[in-house]
Amino acid sequence: MKISHLGAKDCVTGSCHLVETEPGSSDSVNILVDCGTAAGDDPVLPFDQFPVPPDKIDYLFLTHAHIDHIGRVPELIDAGFRGEIICTHATKALLLPMLRDAMSFSARTDKDIQRLETLLDELSWGFELSETFTLKKGITFKLSNAGHILGSCFILITFPDANAKDYRVIFSGDLGCTDTPILPDPDLPESCDLLILESTYGDRLHPSRKGRTEALQKLLQKALADKGIVYFPAFALGRTQELLYELDRIGLNVPVFVDSPLGLEITKIYSSLEEFWDKEAKNLKATGNHPFDFKGLYAVQKYQDHQKLLDINGPAIIIAGSGMCTGGRIVDHLKHGLEDPRNDIFFVGYQAKGTPGRKMIEKKIPVKAGIHTLTAYSAHADQQMLVDWVHAMPEPPKEIRLVHGEDKARQALAMALNRIGGAGLNT
Ligand SMILES: [Zn+2]
């Protein structure tokens with residue numbers, strides 16, 4: 001068996017991993033895990049350089065519906081892929097709106113987008129969490145909750161061997177933090193032979209979650225006191241809903257605008273999939289308090305309304321995509337708002353190298369507005385959480401490969417994992 005890391009091997013975006021059960025043989029079962037778009041300076045491998053042509057890939061697992069894990073699926077289909085797409089029910093619900101939006105920014109015609117949507121719908125299947133299912137040649141898989149965004153999972157794939165013990169591989173996908181708003185904490189992993197582990201924040205410890213909401217409240221009150229505007233560049237999927245949840249808890253008396261048609265559509269899907277929420281969110285809803293809808297929250301759907309919003313006077317909070325300021329409505333807002341010292345930008349997610357968000361934080365783009373980064377709101381587990389998660393396995397894995405992290409993060413996580421010992425580390 002061979003496992004190749006075709007994307008996000010030593011960076012954070014463009015996730016793509018390939019399993020070949022019998023490399024070079026026509027009998028090989030070929031499994032791809034994620035097929036995402038790269039951001040900033042991160043590389044992607046062209047499909048014609050894949051070790052296996054797309055039409056020979058039997059299964060495509062999707063760990064979750066963020067674009068850096070699913071964004072290249074339409075191109076993979078264009079390149080001949082017709083295998084089964086396997087994901088959770090919630091990921092299946094999020095897949096089409098996310099890819100429809102991504103494709104609308106490409107050169108594709110409406111007819112072509114419709115054709116791909118139909119194919120995506122036909123090829124993709126939602127599966128239950130925590131149940132075992134069988135694929136070709138006795139290979140089995142189980143999806144478990146990863147607590148990163150709605151529907152996110154980590155995947156255990158078991159490969160039978162007639163002469164030896166089964167070989168078990170876990171792909172962590174993106175692992176969430178404990179105490180993420182709306183979502184239950186990640187499930188604990190079973191034992192495996194090989195663990196492919198993400199390491200986005202392998203070199204960081206997030207500030208304590210206790211008091212996180214109060215800290216955000218204080219920062220916001222300070223930023224809004226001069227009647228400025230607070231901008232949250234935010235991913236439409238996950239981050240936008242988490243922010244709404246926190247702003248609902250804080251209850252500031254200022255208007256909050258979600259200026260993102262995709263963010264609004266995804267928020268509706270989050271709302272409708274209550275069975276995936278954590279207890280806290282479910283309890284709020286049961287008492288008649290929707291956990292991420294409140295008075296003073298405005299949906300900005302139409303482009304004309306977006307244009308009107310550019311001239312609004314503060315105090316106000318505007319949530320708009322994209323999360324790394326690489327495009328979308330946030331770019332228009334920042335063009336207007338960066339030169340006003342009363343305004344503030346709050347970054348609440350990972351910013352890839354070379355993206356405008358990262359450049360702003362590194363002060364390579366000088367601005368008059370205040371810049372804040374909120375690491376307590378990361379959607380990724382920090383070093384301690386990753387170590388604890390690996391440590392929770394009944395037996396340590398025989399091998400761990402660290403992916404999905406910059407060099408510094410992978411090296412720091414490798415050192416921390418070495419301290420607990422027991423696993424062959426391959427970074
Ligand atoms: Zn993600």
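Val33 stands opposite Phe61 of strand S4, and that pair is a handy way into this predicted model. The two strands involved here are S3, covering residues 30-33, and S4, covering residues 59-61; they run parallel and are joined by 3 bridges. Both belong to an open sheet of 6 strands, ordered S1-S2-S3-S4-S5-S6, in which the pairing is mixed. Out at the edges sit S1 (2-7) and S6 (124-127), each with a single partner strand, so one side of each has no neighbour in the sheet. From one strand to the next, the twist of this sheet averages 25°. Helix H3, made of residues 89-104, lies across S5 (84-88) and S6, and runs at about 115° to S5.

Stepping back to the whole protein chain, there are 13 helices and 19 strands to find. The chain has a radius of gyration of 21 Å, close to the 22 Å that the globule rule gives for 427 residues, so it is as compact as a globular protein of that length. Along the principal axes, the C-alpha atoms fill a box of roughly 70 × 55 × 45 Å. Buried residues account for 48% of the 427 residues. As for contacts, if one takes those between residues at least 6 apart in sequence, 74% of them join residues at least 24 apart.

A second sheet comes later in the chain. It is an open sheet too, with 6 strands in the order S14-S13-S15-S12-S16-S17, and here the pairing is parallel. Its edge strands are S14 (297-299) and S17 (370-373), and each of these pairs on one side only. The twist in this case averages 20° from one strand to the next. Within the sheet, S12 (residues 229-233) and S15 (residues 316-320) run parallel, with 5 bridges between them. One residue to look for is Tyr231, whose bridge partner in S15 is Ile318.

Helices come into the picture around this sheet as well. Helix H5, residues 212-224, lies across S12, S16 (344-347) and S17, and it runs at about 130° to S12. H5 also meets another helix, H6: their axes come within 10 Å and cross at roughly 80°. That crossing makes H5 roughly perpendicular to H6. On the H5 side, the contact is made by Thr213, Leu216, Gln217 and Leu220, while H6 brings in Glu246, Arg249 and Ile250. Sorted by class, the residues of this contact come out as 3 nonpolar, 2 polar and 2 charged.

H6 has a further helix to pack against. Spanning residues 239-250, H6 packs with H7 (residues 261-272) at an angle of about 70°, and the two axes are 9 Å apart. H6 is therefore roughly perpendicular to H7. Thr240, Gln241 and Leu244 make the contact from H6, and on H7 the residues are Gly263, Ile266, Thr267 and Tyr270. By class, this contact of H6 with H7 divides into 3 nonpolar and 4 polar residues, with no charged ones.

Key. Residues are numbered from 1 along each chain as its sequence is written. This is a predicted model: local features need pLDDT of at least 70, side-chain atom pairs count only at pLDDT 80 or more; totals for chains, interfaces and linings use all residues. Helices (H or I, at least four residues) and strands (E, at least two) are DSSP runs, numbered from the N terminus. The radius of gyration is taken over C-alpha atoms; the globule rule is 2.2 Å times the number of residues to the power 0.38. A residue is buried if 20 or more other C-beta atoms lie within 10 Å of its own, exposed if 12 or fewer, and partly exposed in between; C-beta atoms are placed from the backbone. Two residues are in contact if their C-beta atoms, placed from the backbone, lie within 7 Å. Axes are lines fitted to C-alpha atoms, for helices over the stretch in contact, and angles run from 0 to 180 degrees between N-to-C directions. Angles under 35 degrees count as roughly parallel, over 145 as roughly antiparallel, 65 to 115 as roughly perpendicular and the rest as oblique. Ala, Val, Leu, Ile, Met, Phe, Trp, Tyr, Cys and Pro count as nonpolar, Asp, Glu, Lys and Arg as charged, and the others, Gly among them, as polar. Two strands pair if DSSP finds at least two bridges between them.
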